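Q: Could you walk me through reading salt bridges in a protein model? I'd like the general idea, then the real cases.

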Amino acid sequence: MAKGASSDSSGCGGIYSVSVEQQDKKAAMCPGVPAAGKGERETWTRQMDFIMSCVGFAVGLGNVWRFPYLCYKNGGGVFLIPYLLIALIGGIPIFFLEISLGQFMKAGSINVWNIAPLFKGLGFASMVIVFYCNTYYIMVLAWGFYYLVKSFAATLPWATCGNPWNSDECVEIFRHEDCANGTATGNLTCDELSDKRSPVIEFWENKVLRLSGGLELPGEINWEVTLCLLACWVLVYFCVWKGVKSTGKIVYFTATFPYVVLIILLIRGVMLPGAQDGIIYYLKPDWSKLASPQVWIDAGTQIFFSYAIGLGALTALGSYNRFNNNCYKDAIILALINSGTSFFSGFVVFSILGFMAAEQGVDISKVAESGPGLAFIAYPRAVTLMPVAPLWAALFFFMLLLLGLDSQFVGVEGFITGILDFFPATYTFRFQREIIVAVSCAVCFFLELSMVTEGGMYVFQLFDYYSASGTTLLWQAFWECIAVGWVYGADRFMDDIACMIGYRPSLWMKWCWMFLTPLICLGVFLFNVAYYKPLIYNNSYVYPWWGEAIGWGFALSSMLCVPLTALYKLIRAKGTLAEVRLLPRSPEWKRPRTPRFKGVGLSLESEHPTLDQGCAGGNAC
């Protein structure tokens, strides 16, 4: 048995490596599968580790704080029609493609594109996008951690006025019956109260963000939030530093416990007055919305963002699977879990928003929020109206922390996998992984110091709106389909999958990769461009032109990786375009050992030395 190989036939127990006999047997059965060589890639201890890691990564904050709001905003239950349609045509096929590609190539987000070298820019693009995500996404965890710490108090600090950060305009939440005669406490009319500020908003803007007047006014660093950010990065580091051996265990808790909290919050939420109205508001269909292009744009961007497509992390996670793992079944299950969680979260969120609207005597549209507005304004305001408010606040923010934490450290794992695979197999040094993880975390931390200043929220919004937006992810998904469906060949890739799982997937996948998914991606991408709106913070602050230019710089830094890398390879290629096009487009270890042109089709030197050693022995090559 190879070092670390399992003693049982299922490959479970201990870090799994395929034995020499098993690998050679697969090579004989399926031409092109590499025979055993040195330095086998580590794999998940159990296949459930992979499932949990994918759930932890793909099921994140967007499922809880963005999908319910989009569903309400875009026609309630009607929104499920474009959402499910795009999931079926675009989300699930690309989700399956990325996982199966990683499993087949046994490589991270860069080296998997040796399958179509002209499109290796997709790997660089995904590394850029996931780096941006790792940089700004953890700020939400830092804010959540800060709120969690502040929840351990007899009176929640955002529930009352009179604190050092409150202004003279601060007025505590009043109930609807207080305005029955047109007046409320403090001899103020309800019209006058509408101009006042809630203590929840003041805690968020004056205490947590210490919000300045704009992007051009960075101000001072908030050291309390900085310490929370540092604590989050320390947690992420120790979750990732040992690789899938540690990641695969931690996600059992971080991926499952949020569901426990969601169920508890739902039970509590449906028992509150006004909850039924909130749920009806969430699901009430408005059929006229189907004619709006914005509904389809929102559905497309939500699918691609919540499925974590185009980030390279799914490819990295799939690369640690056993070669014969049924990734087809896994992809379907994971997609159902992802979308099901989004739909379920809507009941939790809107039961509580319905209660809050009833308590304040306003329409639900006045309290419905998405993104940070839901997590740090709407929900904190709701818990102040509940009995035992600190308990519900602590539960919510603990769930928020776990939802974001596993998405963060799996994203970092995907980034680190891409970096490590980029190094030559012969170039290793002691504590290589631990040092690279530490350097990556430190770089991200120091970049994020710009987000814990008084102007940090404006920087955060720039990253969120441009760097990993629907536009960049749709661009990435479109070219992935072109590379696999047309350049490498959909039929060839279907055969490769059959080598792994024992049968060819549904023809639906082939049709999607070749036709339907690229068309959906291109259509939503063009709608995004046509209906582009400049970034505005809080419906009031308009970003300066140079701020938008920085944002588009973030977007283009990943999008241009694809054409620029292709252009570079074409310039370096020797021979005519017709000759270049005839080059083999299989993984390096599947190619016949014949002379070829250098450049687009890769050179004679192997980019998979371990796998080529197996080919050199005359096994299945």
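A: Sure, let's start with a pair: Arg 433 and Glu 413 form a salt bridge, with 2.5 Å between their closest N and O atoms. The general idea is that side chains of opposite charge can pair when their charged atoms come close. The cut-off used here is a side-chain nitrogen of Lys or Arg within 4 Å of a carboxyl oxygen of Asp or Glu.

Q: Before going on, what kind of model is this?

A: It's a predicted model, where local features need pLDDT of at least 70, side-chain atom pairs count only at pLDDT 80 or more, and totals for chains, interfaces and linings use all residues. Residues are numbered from 1 along each chain as its sequence is written, and side-chain values use heavy atoms, leaving out hydrogens and water.

Q: Where do Arg 433 and Glu 413 sit along the chain?

A: They link distant parts of it: Arg 433 is in helix H18 (residues 432–448) and Glu 413 is in helix H17 (residues 389–422), 20 residues apart. Helices (H or I, at least four residues) are DSSP runs, numbered from the N terminus.

Q: Are Arg 433 and Glu 413 buried or exposed?

A: Buried means under 20% relative accessible area, exposed means over 50%, and partly exposed is in between (1.4 Å probe, protein chains only). Arg 433 is buried at 14% relative accessibility, and Glu 413 is buried too, at 1%.

Q: How many salt bridges does that rule give?

A: The count comes to six. One of them joins the side chains of Lys 207 and Glu 224, at 3.5 Å from N to O. This pair also links distant parts of the chain, with Lys 207 in helix H8 (residues 199–208) and Glu 224 in helix H9 (residues 223–240), 17 residues apart. Lys 207 is buried, with a relative accessible area of 15%, while Glu 224 is partly exposed at 31%.

Q: Which residues do shared partners join into one network?

A: Take Asp 495 and Arg 504 to begin with: they form a salt bridge whose closest N and O atoms are 2.4 Å apart. Asp 495 is partly exposed at 39% relative accessible area, and so is Arg 504, at 36%. Salt bridges that share partners join Asp 491, Asp 495, Arg 504 and Lys 510 into one network.

Q: Where is Cys 499?

A: Cys 499 is in helix H20 (residues 470–501), and at 28% relative accessibility it counts as partly exposed. Its C-alpha atom is 7.7 Å from that of Asn 324, although the two residues are 175 residues apart along the chain.

Technical notes: Helices (H or I, at least four residues) and strands (E, at least two) are DSSP runs, numbered from the N terminus.
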